[in-house]
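Please open the structure in a viewer and keep the selection tool at hand. The tour below proceeds stop by stop, naming what to select and what is found there.

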Amino acid sequence: MTDTTLREMRWWDIEAVLALEYELFPEDAWSPGMFWSELAHARGPAATRRYVVAEADDGRIVGYAGLAAAGGLGDVQTIAAARDRWGTGLGSRLLTDLLQHATAFECEEVLLEVRVDNPRAQKLYERFGFEPIGFRRGYYQPGNVDALVMRLSMHDERGVPRQGTEING
Ligand SMILES: CC(C)(COP(=O)(O)OP(=O)(O)OC[C@H]1O[C@@H](n2cnc3c(N)ncnc32)[C@H](O)[C@@H]1OP(=O)(O)O)[C@@H](O)C(=O)NCCC(=O)NCCS
């Protein structure tokens, strides 16, 4: 297995990211325009997005993730690892990166939606302290699959800021 580096996603990564997107989210893949639009808000002093890619040392893009932040609220927009990297800790590294940026964006809490039929991703989020807070019925179309909404408070029960790492090892 090659080494993998996390770095900011740039527009020239979109093609490789879309190849993974179509493979991993065949029913509800984002369009190129959605990534272009997100990246337009990811730079400069007024940036409200963090988009990151995982690049193997042979240059292959093997993962990506994105966070939107506004008014103290963060939202995990997307997170994905190439299938041959599942179970290597890459998903955890990507989520750690997003949560560190949520702290930098001064988010009080971070929300996300995850398909109810995606226990692997739910488990990843639970390991970081995300808790289920409700459902959005039929959120994923055209399959009409419900979303589980999960929430992470960026402060622990003593009010101490979280560092964006796993809590249960
Ligand atoms: C969800 C997803 C991002 C998880 O990525 P991942 O790289 O498999 O995540 P991790 O490797 O960090 O964690 C998965 C497992 O590997 C284990 N793991 C973590 N670090 C590890 C390491 N360094 N070495 C080996 N295994 C490790 C974890 O303990 C975890 O095991 P568990 O789930 O049995 O507790 C990935 O499965 C994916 O891209 N799925 C398709 C897209 C998707 O569903 N995205 C979420 C949309 S809401």
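Select Asn144 to begin: this residue is exposed, with a relative accessible area of 51%. The cut-off for that label is a relative accessible area over 50%. The model in view is a predicted one. Asn144 is found in the loop between E6 and E7, and its phi is positive, about 60°, although the residue is not a glycine.

Remain in this loop and select Pro142, which lies between strand E6 (131-140) and strand E7 (145-153). Show the peptide bond that joins Gln141 and Pro142: it is cis, with omega about 10°. As background to both stops, most residues other than glycine have a negative phi, and most peptide bonds are trans.

Next, select Glu106, in the loop between H3 and E5. Here too phi is positive in a residue other than glycine, with a value near 60°. Glu106 counts as exposed, at 64% relative accessibility.

Now display the ligand. The space that the ligand takes is the largest pocket. Four elements give two or more residues each to the shell around the ligand: strand E4 (73-81), helix H3 (90-104), strand E5 (109-115) and helix H4 (119-127). Colour H4 separately, as the largest share of this shell, five residues, comes from H4.

Select the shell itself: 20 residues surround the ligand, and the closest are Ala81, Gly87, Gly89, Ser92 and Asn118. By residue type, the shell divides into nine nonpolar, six polar and five charged residues.

Which distances deserve display here? A backbone N or O atom of Ala81 lies 2.7 Å from an oxygen atom of the ligand, and for Gly89 a backbone N or O atom likewise lies 2.7 Å from a ligand oxygen atom. At Arg127, select the side chain, where a polar atom lies 3.3 Å from an oxygen atom of the ligand. The protein covers 72% of the 930 Å² of accessible area that the ligand has on its own.

Select Ser92, in helix H3. Is this residue buried or exposed? Ser92 is buried, because its relative accessible area is 10% and the label applies under 20%. Add Ile79, 13 residues away along the chain; the C-alpha atoms of the two residues are separated by 9.9 Å.

Finally, select Gly59, in the loop between strand E2 (49-56) and strand E3 (61-70). Gly59 is partly exposed, with a relative accessible area of 39%. Its C-alpha atom and that of Thr5 are separated by 9.8 Å, with the two residues 54 apart along the chain.

Terms used. Residues are numbered from 1 along each chain as its sequence is written. This is a predicted model: local features need pLDDT of at least 70, side-chain atom pairs count only at pLDDT 80 or more; totals for chains, interfaces and linings use all residues. Side-chain values use heavy atoms; hydrogens and water are left out. A residue is near a molecule or strand if one of its heavy atoms lies within 4 Å of it. A polar contact is a pair of N or O atoms within 3.5 Å; within protein, one must be able to donate a hydrogen and the other to accept it, and residues adjacent in sequence count only if both atoms are side-chain atoms. Accessible areas come from the Shrake-Rupley method with a 1.4 Å probe; for residues, only the protein chains shown count as cover. On a 1 Å grid over the protein atoms alone, a cavity is a set of points where a 1.4 Å probe fits but cannot get out, and a pocket is an open set with protein on both sides within 12 Å along at least five of seven lines; lining residues have an atom within 4 Å of a point. A molecule sits in a cavity or pocket if more than half of its atoms lie within 2 Å of its grid points. Ala, Val, Leu, Ile, Met, Phe, Trp, Tyr, Cys and Pro count as nonpolar, Asp, Glu, Lys and Arg as charged, and the others, Gly among them, as polar. Buried means under 20% relative accessible area, exposed over 50%, partly exposed in between (1.4 Å probe, protein chains only).
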